[in-house]
Amino acid sequence: MSEVTGYRRPYPGTQPDYLFPRYASTVKRAPTKPLIVLPQTLSELTGPLFGHDDVKPSDADLTKQHAGDPLGERIVVTGRVLDENGKAVPHTLVEIWQANAAGRYPHRNDQHNAPVDPNFSGAGRTLTDTEGRYRFITIRPGEYPWRNHYNAWRPAHIHFSLFGPAFATRIVTQMYFPGDPLLEYDPMYLCVPDEKARKRLVSTFDWETTIPEFALGYRFDIVLRGSDETPRDVSPGE
Amino acid sequence: MSLYATTSQTVGPYLHIGLTWLIRENLVGPGVTGEPVTIQGRVVDGDGKPVGDALVEIWQANAHGKYAHPDDKQAKPLEPGFKGWGRAATDDNGVFRFTTIKPGRVPGPGGKLQAPHIAVTVFMRGQLKHLVSRIYFPDDPANAEDPVLKFVPAERRGTLIAKKTGAKGALEWNVMLQGAEETVFFDC
């Protein structure tokens, strides 16, 4: 059995910097001093594990959390969680949250003048299966305005939070929808220079998971850092 | 490498909707041994204002220095009441708190033992990727020989070491995003 000795460094251009002034809130929240490179130790190569005690199957259907059906277009969101070596990441917790069909979150800080949907909370979670697959049923989220710049609108998106096998594989990201005209104006989507990396945040329409006469399918695969199989110097300062 | 890791994106301002179902501020279950500690802190932005929409997660070994994870192959006891993971959201004053135990020492680079520490991730609107830091413990002689603290300039190490606040086991550790007291953040 191979022991994980470390996780790969990000490929240049594929991960954002902390300071990205086009996204205005980064200016007062980004560290100003250089990060210290941390050798990956047992503390970073291990991480929390979750199980079926933590989630129930109904947590993955966001359309069945209230007495009535939420408004909007029902969709199926599926994908695989893999690592950079192409290996499935099984039994890992996937948490999602999103706006309702009108582009409104049921949150005290969301003052957007669009209706709250009493039948939609917008939160879901599941565990990936043995092949790294996950599946949610939800509704297509609406676009909504924000105050980053004049006439700023967020493209439709779903937030994803994943753990993977280790502290070092933790990631929060966002899934977008194909053909959204707002993407090319969105500072968050544009936060990395690598265009291919950005496009990987956009889900693809998927006939295979589309349910006839019920819901369109969208596919979004998520790749976590992969273990570095070649031995690396774990003490960069020495 | 055949694939590239997915690009990180911010949790945004409405993170509570998706993430607070699993708030875990008390890590200590029945039968857990070790020195009890409470860690309270504030998250503060570059204007000195509290960050009321941050999420702090912690990960630590048990009092024996063993992680509840299959890749920890050390011959040390696990305790069923201690998983070692916590999650807290900040309140309007930027305050978060955890109740836990001081972890034991775990191996670091070159097999040298690390000083007791807690690994920390911080998420918030205005950060396109999460921050990584560590909490160390005050007055622990092992801090002087810790192989990770060694990488940190001496004048900044204090930002990683929690402070005693009076009551037994009460500690304070803040996340200062910017400024003279800016917390040390890691690239791991």
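**Exercise 1. Place Pro109(B) in chain B of this predicted model, and state whether Pro109(B) is buried or exposed, or in between.**

Step 1. Find the flanking elements. Pro109(B) sits in the loop between strand E4 (95-101) and strand E5 (117-124) of chain B.

Step 2. Take the neighbour count. For Pro109(B), 19 other C-beta atoms lie within 10 Å.

Step 3. Apply the cut-offs. Buried needs 20 or more, and exposed needs 12 or fewer. Pro109(B) has 19, so Pro109(B) is partly exposed.

Step 4. Add a distance. Ser2(B) is 107 residues from Pro109(B) along the chain. Their C-alpha atoms are separated by 28 Å.

**Exercise 2. Describe the side of chain B that touches chain A.**

Step 1. Count the residues. On chain B, 58 residues are in contact with 70 residues of chain A.

Step 2. Name the elements. Helix H1 (15-19), E5 and strand E10 (186-187) of chain B each give at least two residues to this side. E5(B) supplies the largest share, five residues.

Step 3. Sort by class. This side of chain B has 28 nonpolar, 20 polar and ten charged residues.

**Exercise 3. Work out how strand E1 of chain A is joined to E10(B).**

Step 1. Count the bridges. Two join E1 (residues 36-37) of chain A to E10(B).

Step 2. Give the direction. The two strands run parallel.

Step 3. Pick out a pair. Val37(A) has Asp187(B) as its bridge partner in E10(B).

**Exercise 4. Judge the predictor's confidence in chain A.**

Step 1. Start with the whole chain. The mean pLDDT of chain A is 94, and 95% of its residues reach 70 or more.

Step 2. Look for the exception. Over residues 231-238 of chain A, the pLDDT is below 50. Beyond near neighbours in sequence, this stretch has 14 contacts in the model.

How values were computed:
Residues are numbered from 1 along each chain as its sequence is written. Chains are lettered from A and ligands numbered from 1 in the order in which they are written. This is a predicted model: local features need pLDDT of at least 70, side-chain atom pairs count only at pLDDT 80 or more; totals for chains, interfaces and linings use all residues. Helices (H or I, at least four residues) and strands (E, at least two) are DSSP runs, numbered from the N terminus. pLDDT is the predictor's confidence in each residue, from 0 to 100. Two residues are in contact if their C-beta atoms, placed from the backbone, lie within 7 Å. Ala, Val, Leu, Ile, Met, Phe, Trp, Tyr, Cys and Pro count as nonpolar, Asp, Glu, Lys and Arg as charged, and the others, Gly among them, as polar. Two strands pair if DSSP finds at least two bridges between them.
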